[in-house]
Structures are given as structure tokens and as C-alpha cells.
Amino acid sequence: MLCFAAVSLRAADVWILANGDRLTGRLIAETEAAVEIEHPQLGRLVLERAKLQGAVTERTAVVTAPASSPTADATVATPAAPTNAVAEAAGTRLRWKRQLELGYAMQDGAKSKQDLSFRGQVELRRGPDNYRGTARMLRSEAQGVITLDRHEADFRWRRDFSKRLFAQALTTYAADDVRRIDLSLEQQLGGGYRLVDGERQTMNVGLGAVVQRLAREGYEDQTALLGSFFQDYAFALNDRLKIAQEASVFVADSASLAARGGRTVVTGAPAEGNYRLKFNTTLQSKMTDQVSLNLRYEYDYDRSLPDPDLRADSRLTTSLGYAW
């Protein structure tokens with residue numbers, strides 16, 4: 001006579017890191033050196049046991065025997081054998097996260113218009129350090145006239161000093177043919193404070209200083225020192241729906257907008273000083289673990305541009321994303 005038993009295994013909900021951070025996830029596999037978990041937003045993470053605060057919450061296994069076999073012995077379920085990937089990545093806290101987004105819209109008939117957007121991003125979390133690189137291209141054409149042709153790239157490094165405090169370095173490159181910007185190169189150094197650090201939402205704010213090198217068609221090259229304020233927010237409504245938002249403000253007085261020798265190099269720019277505001281927010285809906293639909297709104301206002309018609313730029317784009 002055969003006896004059947006239903007086994008249910010519950011993995012630890014909370015994993016406490018050495019710096020006090022908490023991660024919620026489902027256990028995938030483990031070795032003596034590391035554990036691999038599935039995080040609802042970050043995907044698969046590999047955590048070194050040496051970087052956990054002591055033992056994590058104990059896993060429990062409950063065996064329920066059906067009524068037809070009351071004599072069935074209860075046994076404790078054991079975790080599956082660790083995979084080779086876990087053993088090989090035991091020294092890595094987080095693997096690279098990669099995502100590509102592509103959006104395209106076309107209108108033809110009484111008016112013709114085409115919009116193309118591409119965005120790629122990679123991110124890595126290793127110990128107290130977070131690395132993120134982003135590249136983006138936007139191009140629009142209406143009635144045979146190019147209305148937008150922009151290329152941007154940035155690399156951000158953040159290092160946590162505590163659960164709340166962190167330092168940040170951000171390098172940004174941009175070129176915009178419509179705004180007649182041949183090169184905009186910025187290097188930001190600053191620090192921030194984590195206002196919210198919850199399981200489903202985070203919010204950071206910070207201040208910094210920015211050195212900018214600007215080459216603009218029809219004007220002398222400009223080197224300026226600017227002050228900056230930055231802020232970012234992320235909220236996961238559930239495992240499939242996420243909202244992310246970032247904003248930054250750059251401020252420079254008229255004295256900083258001068259080349260060596262004291263000459264003002266941005267003719268026609270406001271004499272009382274300049275500022276730039278950048279804001280973007282994204283609503284991401286996952287169709288599968290890898291494929292997502294993205295709705296992105298962006299606003300960019302640059303007061304330093306001599307032509308008032310080119311200072312403000314807002315855009316709403318939809319794209320199809322793939323992450324791995």
C-alpha cells in the first residue's frame with residue numbers, strides 16, 4: 001500500500017544584512033558560503049553569509065498526511081542541492097541587471113510624423129556600492145523636418161556610509177542638434193540622505209557641486225561651476241507594477257558663466273543667473289519576468305539657452321522593455 005504526503009516549505013521572509021538593511025525574498029538555493037534569493041523587485045540576489053547579521057530567520061517545513069494514511073511519519077523537508085551558479089557567484093552580492101527599452105510611433109496621412117526612442121541601462125549592487133550606467137537616444141521627425149535629435153549617457157556611483165547617508169558621483173554626457181548643443185559634459189560630486197527605506201518604497205535627496213563643459217554652436221566653449229539638488233523615488237505597487245521618479249536642479253549665477261579671463265560666453269543668456277530643471281517619471285508594468293511595458297514622462301527646462309523657444313521640452317513616450 002502506497003502512502004502519500006503533501007509537503008509545504010516556507011522560506012525566510014526577511015534577510016538582515018550586516019549594515020542593517022533588510023531584504024524580503026524567496027529562497028532559491030544555498031551553500032555554506034552564500035544564499036540565493038528571489039527578490040520581488042531586484043530579481044535574483046546572491047548574499048554572502050559573512051555579510052548577514054548572524055543566522056537568518058529559520059525556515060520551517062510542515063508535512064501534512066492525508067486522512068487515508070494517519071500512520072504516515074512526518075518528515076522535515078530539506079532544501080534542494082545548491083546550484084553551480086550559486087557556488088560560482090558566492091562572492092557576488094548582486095549580479096548585473098540589464099534592461100533595454102525601445103519605442104516607436106508613426107503617423108501618416110494628412111500629416112506625417114515619426115518618433116523613435118531607445119534606452120539602455122545596467123546596474124550592479126556590490127556591498128555598499130551601487131553602480132548604474134544609462135544611455136539614451138531620442139529622434140523625432142515631422143513633415144520631413146527633424147524636431148528632436150538628442151543623445152545622452154550617464155554613469156552614477158553611490159556608496160553607502162550608513163543606512164541613511166551616502167555619497168554620489170555622477171558623470172553625464174549629452175548632445176542635442178535641435179538645441180545646437182554639440183557637447184555638454186558634467187561631473188557631479190555630492191552626498192545624500194535616504195528619507196524612506198521601506199520594503200516597497202525608497203526616497204533619496206541630496207546636494208552636490210557640478211563642473212560643466214559646454215560647447216554650443218555659434219558660441220564660445222563654456223566651463224561653469226554649478227550647485228545641484230537631486231531627488232529620486234521608487235514605489236512598487238506589487239510584483240508587476242512599479243513607479244520610479246527622478247528630478248534634479250542645477251543652479252549657476254552669472255559670474256560662473258564666464259571663460260578664463262572673465263568674458264561672458266553665453267551671449268543672450270539671462271544676466272541674473274541660470275538654472276536647469278530635469279524631471280522624469282516612469283510607470284512600468286511587467287508582462288513577464290523579462291518583458292515590460294513602460295510609460296515615461298520627461299520635462300527639461302534650461303534657462304541658459306539664448307532662444308526662449310528652445311528652453312522647455314516635455315515628452316511622453318511608451319516603450320517595450322526587456323530585462324535580464
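**Entry 1: a bridge to start from**

Which residue in β17 is the bridge partner of Glu246? I looked it up in this predicted model, and the partner is Asn280. Glu246 brought me to the pairing of β16 with strand β17 (residues 274-286), which is antiparallel and runs over twelve bridges. I reminded myself that strands of a sheet pair through backbone hydrogen bonds, either parallel or antiparallel.

Next I turned to the other partner of β16. Strand β15 (residues 222-236) pairs with strand β16 (residues 241-252) over ten bridges, again in the antiparallel sense. Here I found Phe235 opposite Ile243 in β16. How many residues sit between β15 and β16 in their hairpin? I counted four.

**Entry 2: the barrel**

I then followed the strands around. Twelve of them close into a barrel, in the order β8-β9-β10-β11-β12-β13-β14-β15-β16-β17-β18-β19, with antiparallel pairing. On average, neighbouring strands of this sheet are turned by 20 degrees against each other, direction ignored. I kept a general rule in mind while looking: in a regular strand the side chains alternate between the two faces of the sheet.

**Entry 3: walking along the strands of the barrel**

I began at β8. Eleven bridges pair β8 with β9 in the antiparallel sense, and the bridge partner of Arg98 in β9 is Val122. The two strands form a hairpin with five residues between them. In that turn I noted Gly109, with a positive phi of about 135 degrees.

The next step took me from β9 to β10. These two run antiparallel and are joined by 14 bridges. Gln121 stands opposite Thr134 in β10. The hairpin of β9 and β10 has two residues between the strands, and Gly127 in the turn has a positive phi of about 60 degrees.

Further along, I checked strand β11 (residues 145-160) and strand β12 (residues 165-176). They pair in the antiparallel sense over eleven bridges. Arg158 has Gln168 in β12 as its bridge partner.

**Entry 4: two phi values I stopped at**

Both turn residues above were glycines with a positive phi, and I wanted to look at other residue types. Most residues other than glycine have a negative phi, and most peptide bonds are trans. Where does Gln143 lie? I found Gln143 in the loop between β10 and β11. Its phi is near 55 degrees, a positive value in a residue other than glycine.

I looked at Arg180 too. Phi of Arg180 is near 60 degrees, also positive in a residue other than glycine. Arg180 lies in the loop between β12 and β13. Why does Arg180 count as partly exposed? Its relative accessibility is 36%, and partly exposed covers values between the buried limit of under 20% and the exposed limit of over 50%.

**Entry 5: empty space**

I moved on to gaps. Rolling a probe the size of a water molecule over the atoms shows where empty space is left. How many cavities of 30 Å³ or more does a search of the whole structure find? There are five.

I picked the second largest cavity, which holds about 110 Å³ of space. It is lined by 14 residues, and the closest to its centre are Ala174, Arg179, Ile181, Ser184 and Arg276. The elements that give two or more residues to this lining are β11, β12, β13 (181-197), β14 (201-216) and β18 (291-302). By class, I noted four nonpolar, two polar and eight charged residues in the lining.

Then I looked at the second largest pocket, with about 200 Å³ of space. Of its 15 lining residues, Ala105, Asp115, Leu316, Thr317 and Thr318 are the closest to the centre. Two or more lining residues come from each of β8 (97-107), β9 (113-126), β10 (129-142) and β19 (312-323). This lining divides into six nonpolar, five polar and four charged residues.

**Entry 6: nonpolar cores**

My last search was for cores. In soluble globular proteins, nonpolar side chains tend to be buried together. Which residues make up the largest nonpolar core? I listed nine: Trp15, Leu17, Leu23, Leu27, Val35, Ile37, Leu45, Leu47 and Leu52. At least two of these come from β5 (34-39), and at least two from β6 (43-48).

A second core is separate and has five residues, including Val210, Ala224, Leu226 and Ala252.

Terms used
Residues numbered from 1 in each chain as written. Predicted model: local features only at pLDDT ≥ 70, side-chain atom pairs only at ≥ 80, totals over all residues. Heavy atoms only, no water. 1 Å grid on protein atoms, 1.4 Å probe; cavity = no way out; pocket = protein on both sides within 12 Å on 5 of 7 lines; lining within 4 Å. Points joined across faces, edges and corners; volume = space filled by probe spheres on them. Nonpolar A, V, L, I, M, F, W, Y, C, P; charged D, E, K, R; others polar. Pairing = 2+ DSSP bridges. Axes fitted to C-alpha atoms, helices over the stretch in contact; angles between N-to-C directions. Core = buried A, V, L, I, M, F, W, Y, C linked by side-chain atoms within 4.5 Å. Buried < 20%, exposed > 50% of the residue type's maximum accessible area, 1.4 Å probe, protein only.
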